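Me: I'm new to this structure and would love a close look at one part of it. Could you walk me through how two of the helices pack?

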Amino acid sequence: MSRVILVAGTGSPAGRAVVRRFTELGDTVVAVSRSGGDGALAVDLQDATAVRELAERVGAEHGRVDGIVHLVGGWRGSKTFADTSLEDWELLHGLLVRTLQNVSLAFEPLLRASENGRFVIVSAKAAQAPTRTNAAYAAAKAAAEAWTLSLADALKGTSSAAAILVITALVHDGMRAANPDKQYKGFTDVDDLARAVTALWDQDPAAVNGQRIDLTA
Ligand SMILES: NC(=O)c1ccc[n+]([C@@H]2O[C@H](COP(=O)([O-])OP(=O)(O)OC[C@H]3O[C@@H](n4cnc5c(N)ncnc54)[C@H](OP(=O)(O)O)[C@@H]3O)[C@@H](O)[C@H]2O)c1
């Protein structure tokens, strides 16, 4: 039976790679981005009411959800710690934390009901190794990780799991074409990320639940 997968944030190369991978595997993908287009629904995931309506719509149309891949990103840094802008914190909180909160709260009942569900975020090494130049970003990613681990705790004993994939940075063919001499050492290719996402179904939910899986190792 094909899975029903919600991919949140499909407009980037990473989002497109994840949608492509699930589609190739024969799954049904519900793609969401802020602006929509390319088959994606336009939903502002910072709007809790809009996300609850999305969950009702997906539940009504598909009857279930077997996977949620949260890919809404964003980055801001500063020259020094004291230069950190709290406006950047507000922005990153909205993108990295609030969208995750809205999606997980609205979709948890559907995920819990799945016979083999997975919830995944893509975090960054910075969350566990913050530096003076990325305080807002590292704190937002750390919050996203803690939130996801709370969801994992809520899913204990069910047939579903929540997990964190950890990367340093993403790379895709367009970046390589634009900068052919660069090695992109330590970067994760978006197609490898997509494979790591679908590989979460290769293990039992209990083995995956609450795990931080380092893709740079
Ligand atoms: N890129 C990296 O090097 C890197 C490094 C570490 C971790 N990560 C993580 O990897 C994941 C994917 O990264 P990425 O760089 O591909 O992400 P990204 O380019 O920042 O993702 C943007 C996607 O999120 C959508 N989006 C933004 N705000 C939204 C909202 N309010 N409602 C609905 N959709 C919204 C955008 O919609 P539109 O298409 O309509 O604009 C777009 O599709 C993220 O979790 C990111 O934090 C990335």
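Are H1 and H6 roughly parallel, roughly perpendicular or oblique to each other, and why?

Reply: Happy to help! This is a predicted model, in which local features need pLDDT of at least 70, side-chain atom pairs count only at pLDDT 80 or more, and totals for chains, interfaces and linings use all residues. Residues are numbered from 1 along each chain as its sequence is written, and side-chain values use heavy atoms, with hydrogens and water left out.

Two packed helices are described by the angle between their axes and the distance between the axes. Helix H1 covers residues 13–24 and helix H6 residues 190–198; helices here are DSSP runs (H or I, at least four residues), as are strands (E, at least two), numbered from the N terminus. The two pack at an angle of about 50°, and their axes are 8 Å apart. Axes are lines fitted to C-alpha atoms, for helices over the stretch in contact, and angles run from 0 to 180 degrees between N-to-C directions. H1 and H6 are therefore oblique to each other, because angles under 35 degrees count as roughly parallel, over 145 as roughly antiparallel, 65 to 115 as roughly perpendicular and the rest as oblique.

Their crossing is right-handed, that is, the near helix is turned clockwise from the far one by less than a right angle. On the H1 side, the contact (heavy atoms within 4.5 Å) is made by Pro13, Ala14, Ala17, Val18, Arg20, Arg21 and Phe22. H6 brings Val190, Asp191, Leu193, Ala194, Arg195, Val197 and Thr198. Sorted by class, these residues are nine nonpolar, one polar and four charged. Here Ala, Val, Leu, Ile, Met, Phe, Trp, Tyr, Cys and Pro count as nonpolar, Asp, Glu, Lys and Arg as charged, and the others, Gly among them, as polar.

For a second pair, look at helix H2 (residues 48–62) and H3, whose axes come within 9 Å and cross at roughly 25°. H2 and H3 are therefore roughly parallel to each other, and their crossing is right-handed. In H2, Ala48, Val51, Arg52, Leu54, Ala55, Val58 and Gly59 meet Asn102, Val103, Ala106, Phe107 and Leu110 of H3. That contact has nine nonpolar, two polar and one charged residues.
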